[in-house]
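Q: Please take a close look at one helix of this protein and the stretch of chain around it. Begin with the whole, then work inwards.

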Amino acid sequence: MLVVNAKTPATKLPIQDLRRYGHTAEVVRTGRAALQRYTGADLVLLDPDLPDIDGIEVCQSLRALSEVPIIMLTSRGSELDQVLGLRAGSDDYLVSPVGNRELMARIDAVARRTRGLAGAHDAQNVIVHGRLRIDPATRRVHVDERPVSVTRKEFDLLHALASQPWSVVSRRQLMTSVWSTGIRVTGSRTLDAHVNSLRTKLGSRDWILTVRGIGFRLGPSSSAASYPNNALDESRGSTGSVNLATG
């Protein structure tokens, strides 16, 4: 584990407790050091209040370079700070002070999620939805054989929708499966931002349809032939039972 902490009183980390719980903890005090030393770490515990580079920027850089799990532990407790931290690519966000047992539980939860994703090796787990191909083992997305660069959370969100391609997935279900249930932020803002980003990267807003008041579902941008007849009828609004929109 790489601990990135400037040793501020508000977010002083219990290094000895981490080690007592069986974690090997290497401590660095700056963002530059974190970007140099993250290789080989199984998790990064990041305090955004660093003396050289803002922790949000460090988080974005780490996420662009690696899939290493990141937990932010900070005294910044506003909703905006939490949203920025999650959008930057952190897997969890904790506001100090936090009890040691909760911290260890969050570390274990993030580790379980990321291990589960990394363990999806079988080719049968690859999801092909018309022109869209999602490979959980490599965490790669392609549209028409074109690679699409997505963040960790964008991949998890797209995978959650593609795993139920003909079903509406509720906002609550997506927030639970993609983010932890303990996140203390307005889920709709975070979720909508990731959906809009995915639509842009995939090349069409129709890839992800909004079911007003409920959630989202994978759209028919793949090809009309790949959709069941009843799903196409529903997306055109002919059934009258579900109001679909792309906004």
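A: **Helix 4 and its surroundings**

Buried residues make up 49% of the 247 residues in this protein. The model is a predicted one. Its secondary structure comes to nine helices and 13 strands. Among contacts with a separation of 6 or more, 57% join residues 24 or more positions apart. The protein exposes about 11,800 Å², and carbon and sulfur atoms supply 48% of that area.

Now to the part itself, beginning with the strand numbered 4. Strand 4 covers residues 70-74, and Thr74 is in this strand. Thr74 has a relative accessible area of 0%; the cut-off for buried is under 20%, so Thr74 counts as buried. A polar atom of the Thr74 side chain lies 2.9 Å from the backbone nitrogen of Arg76.

Next comes the helix. Helix 4 covers residues 79-87. Which of its residues are buried? They are Gln82, Val83, Gly85 and Leu86. These four lie on the same side of helix 4, because they cover an arc of only 160° around the axis. The general rule behind such a pattern is that an α-helix has 3.6 residues a turn, so residues three or four places apart point the same way.

Last is the stretch that follows. Just after helix 4, Gly89 takes a positive phi of about 120°.

In short, this part holds Thr74 in strand 4, with its side chain 2.9 Å from the backbone nitrogen of Arg76, then helix 4 with its buried residues on the same side, and Gly89 with its positive phi just after the helix.

Note on methods. Residues numbered from 1 in each chain as written. Predicted model: local features only at pLDDT ≥ 70, side-chain atom pairs only at ≥ 80, totals over all residues. Heavy atoms only, no water. Helix = DSSP H or I, 4+ residues; strand = E, 2+ residues; numbered from the N terminus. Buried < 20%, exposed > 50% of the residue type's maximum accessible area, 1.4 Å probe, protein only. Contact = heavy atoms within 4.5 Å. Areas by Shrake-Rupley, 256 points an atom, 1.4 Å probe, with all protein chains shown as cover. Arc of directions from axis to C-beta. Polar contact = N/O pair within 3.5 Å; in protein donor to acceptor, adjacent residues only side chain to side chain.
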